[in-house]
Protein chains: 2
Amino acid sequence: MNKSKISASIITIGDELLIGQTLDTNSAWMAQELNKIGIWVRRRIAVGDVWDDIWSTLDEEIKTSQIILITGGLGPTADDITKPLLCKYFSGNLITDEAALKNVVDIFEFFKRPLLEVNRKQAEVPNVCRVIQNKNGTAPGMLFERDGKIIVSMPGVPFEMKGMMTDFVLPELPALFDLSKVEHRTLLTAGIGESFLAERIKDFELSLPQHIKLAYLPNLGMVRLRLTTIGNEESLINQIDEYFSILQQHVHDVLVVNEDISLEEVIGRLLIEQGKTLSLAESCTGGNISHLLTSVPGSSAYFKGGVVSYDNSVKQNLLGVNINTLNNAGAVSEETVCEMAKGALNSMNSDYSIAVSGIMGPGGGTEEKPVGTVWIAVSNNTKTIAKKIQLPYNRRRNIENTSINALNLLRLLLLNRL
Amino acid sequence: MNKSKISASIITIGDELLIGQTLDTNSAWMAQELNKIGIWVRRRIAVGDVWDDIWSTLDEEIKTSQIILITGGLGPTADDITKPLLCKYFSGNLITDEAALKNVVDIFEFFKRPLLEVNRKQAEVPNVCRVIQNKNGTAPGMLFERDGKIIVSMPGVPFEMKGMMTDFVLPELPALFDLSKVEHRTLLTAGIGESFLAERIKDFELSLPQHIKLAYLPNLGMVRLRLTTIGNEESLINQIDEYFSILQQHVHDVLVVNEDISLEEVIGRLLIEQGKTLSLAESCTGGNISHLLTSVPGSSAYFKGGVVSYDNSVKQNLLGVNINTLNNAGAVSEETVCEMAKGALNSMNSDYSIAVSGIMGPGGGTEEKPVGTVWIAVSNNTKTIAKKIQLPYNRRRNIENTSINALNLLRLLLLNRL
């Protein structure tokens, strides 16, 4: 693959990453941000709070990468050894940084908590680094240089690390390295599997010049396709745009959006454009569709609310589902899910609604309606469309997949394609 | 740290992991499972779909770990190079595995899809490995041996990998290696920060024998504490239990549960024990509390449902909040959140309820009620308790933190501690 000349390694430190108790969200975010400014992440390594393992990992990565970003191990407890290790690695001595100390003191005053000796120690840094102040916590970051290479140490707490990256590291790197420009063009498809997509655009993929790469990024029944090119020539932008436009034609019938945004953001935009509102009636997804929609800032402009109708009495009392429908067709049925969708429209006075009812497992299945049976309905004032899907996954994945399916059905209704 | 003698490396392969488009949940899960059977994960490495990087990573890890688990790069598209690479690395030839081919054919027949040549190729494996059949997908896994070390390659799709680990790899490893037993004891605290916890149990930590380790695992305002011991002596179990009991006394006032389960599972247990039901009125958390509660299998036994009352009209119509309250005190106020809690009890006929209303950001803040202002109320038939919190995070984290705070307040009410 045609990489940028500048490559980075991300080292995350902490036993909690190696016993699986903590999910490493830091390095994914860091990789994303580095990628945007033309830095290829060659490797991501997680090591425990083990002196020799951290030391040898640092040795290895410094050999091959120009930029080493390290997170974790800067906390106040005894198992945090990153700072003394880096101090020794770069032959420094620990000194108190006055700005970092003031920051620690201010934070403890704000929260009206007593300042402990361990907290005061957080303001100590090796005298051979540039100090990165922490606006969101007590532990300062550190930047070391060796042989033209940059080694940065940051806290493992995601929003502390993100603050330092955004305010200091990401603006600093282009000044230190001659970075190539990276251009991405991403589109989102729904309703087609990765291998069918690959078969369909096989010839397109073969027609791509060496310096434009295609990546398949599947996730929960949707596949993102991304074109990438690295280089400083102006002509590359026109070229990637041309190929991106051809790619869109190849997938026009399954294309959701030609940007790198989520399905819930697409829904939000459509509703805003049309000046319409949405309400939900969720049974088996238990609030997950509401959660997805309201994770988007500004969603209160179009999202009126939802009813999580786990119990049948809630379906009756808050959504007006007829008791006879529940008794005769059952809670997981076309009839019930359509009444739920209409009930949401009425009770929350919205223009559009989504309703879902199904069996997510592991229990609750029957021979007639096994685990994974789901009914979805979308509705507006003129029509209500229902669809049945059958999912083979575990509870969590069934919930996620149902949510995506339901949002996509609404998208098609909003586009008048149902 | 006193590790088990057998150590493992986890290598995850795929450009998508290095550009940050995919969160690596696989290796956390694998590390957890390996840990349970006494295998210490020394390093986790993510590399791109780059031949030389994969090859050199494999070289390095084989030097120091006895077990190498690899995921990813087995898909049907051209960027998937794990299989040819491993075939060359172990000097084999690709042959078609009949059982794997039958599996591929069966899957395509079940979904009534045409079998493509790329799919048929998935049944090819190096003739120098043991084949691990894939019950959940098309790509088979592979197990190689070299100099008493084990190298396993599995698909990157989480539930395919998990199926192979559970059915084959995890049962196989104890037969191949002499594993020490690992014992963990984990407890969950709420309402105390990591450094205060560390200060409080400093003497306890110093009193621990060399072979019992204490780990702090903070997450969203809650901290897990875990004791670990590795070894085959029967006496270790009594010893870890004794120290665990002392640890519980040290944190008795902030202890949520002395098991490694989530707060929403604790709530579920309390409700089942007391034979009580729960309903929710969520505004700013937008369905996330419902989502957390309903992620627990069997939650329909105690969770009646919820109203996501994003719009004020929904607060009025479905929860019976008085319009004067909304006009005078505002949507984010003690008065409103208490009416929401009582409204949830009434409209969904439950024994307990939680209500939240706040400003999650980035927009919507005022001087009087800045972003991060949240009111939480919990209620039963005899009392309603409200609490105000002020959060400093971004939207997503404010939502997560509010949800945990609200669930913890309900826990205290269920325990009659409010």
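In the predicted model, the domain assignment divides chain A into domain 1 (7–176), domain 2 (182–257) and domain 3 (263–414). The centres of domain 2 of chain A and domain 3 of chain A, taken over C-alpha atoms, are separated by 32 Å, and the contact between them draws on six residues from domain 2 of chain A and eight residues from domain 3 of chain A. On the side of domain 2 of chain A that touches domain 3 of chain A, five residues are nonpolar and one is polar, while none is charged.

Chain A contains 16 helices and 17 strands, and its C-alpha trace spans about 80 × 60 × 40 Å along the principal axes. Of the 418 residues in chain A, 49% are buried. Among the contacts in chain A with a separation of 6 or more, 66% are made by residues 24 or more positions apart.

Chain A is superposed on chain B, with an RMSD of 0.1 Å, by a rotation of 180 degrees accompanied by 0.1 Å of shift along its axis, which is the relation of a two-fold axis. In the interface, 74 residues of chain A are in contact with 74 residues of chain B. The side of chain A that touches chain B receives the most from strand β2 (residues 40–47) of chain A, which gives seven residues, and the residues of this side comprise 31 nonpolar, 28 polar and 15 charged. Because 100% of the interface residues of chain A are also interface residues in chain B, the copies meet through the same surface.

Strand pairing also connects the two chains. An open sheet of 12 strands with mixed pairing follows the order β6(A)-β7(A)-β8(A)-β3(A)-β1(A)-β2(A)-β2(B)-β1(B)-β3(B)-β8(B)-β7(B)-β6(B). The edge strands are β6 (130–132) of chain A and β6 (130–132) of chain B, each of which pairs on one side only, and neighbouring strands of the sheet are turned against each other by 20 degrees on average when direction is ignored. Within chain B, strand β3 (residues 67–71) and strand β8 (residues 149–154) pair in the parallel sense over five bridges, with Leu69(B) standing opposite Val152(B) in β8(B). Helix α3 (residues 51–64) of chain A packs on this sheet, where the helix touches β1 (7–13), β2, β3 (67–71) and β8 (149–154) of chain A together with β2 (40–47) of chain B; the direction of helix α3 of chain A makes about 170 degrees with that of β2(A).

A further link between the chains is formed by strand β14 (residues 303–308) of chain A and strand β14 (residues 303–308) of chain B, which run antiparallel and are joined by three bridges. In this pairing, Gly306(A) stands opposite Val308(B) in β14(B).

The surroundings of a single helical residue can be described for chain B, in which Thr57(B) lies in helix α3 (residues 51–64). Thr57(B) counts as buried because 22 C-beta neighbours are found inside 10 Å, the criterion being 20 or more. When neighbours within four places in sequence are left aside, Thr57(B) is in contact with Ile11(B), Ile45(B) and Val47(B). For one of these partners, Ile45(B), the C-alpha to C-alpha distance to Thr57(B) is 8.0 Å, at a separation of 12 residues in sequence.

Definitions and conventions. Residues are numbered from 1 along each chain as its sequence is written. Chains are lettered from A and ligands numbered from 1 in the order in which they are written. This is a predicted model: local features need pLDDT of at least 70, side-chain atom pairs count only at pLDDT 80 or more; totals for chains, interfaces and linings use all residues. Domain bounds come from an automatic or database domain assignment. Two residues are in contact if their C-beta atoms, placed from the backbone, lie within 7 Å. Ala, Val, Leu, Ile, Met, Phe, Trp, Tyr, Cys and Pro count as nonpolar, Asp, Glu, Lys and Arg as charged, and the others, Gly among them, as polar. Copies are superposed by least squares on the C-alpha atoms of residues with pLDDT of at least 70 in both. Helices (H or I, at least four residues) and strands (E, at least two) are DSSP runs, numbered from the N terminus. A residue is buried if 20 or more other C-beta atoms lie within 10 Å of its own, exposed if 12 or fewer, and partly exposed in between; C-beta atoms are placed from the backbone. Two strands pair if DSSP finds at least two bridges between them. Axes are lines fitted to C-alpha atoms, for helices over the stretch in contact, and angles run from 0 to 180 degrees between N-to-C directions.
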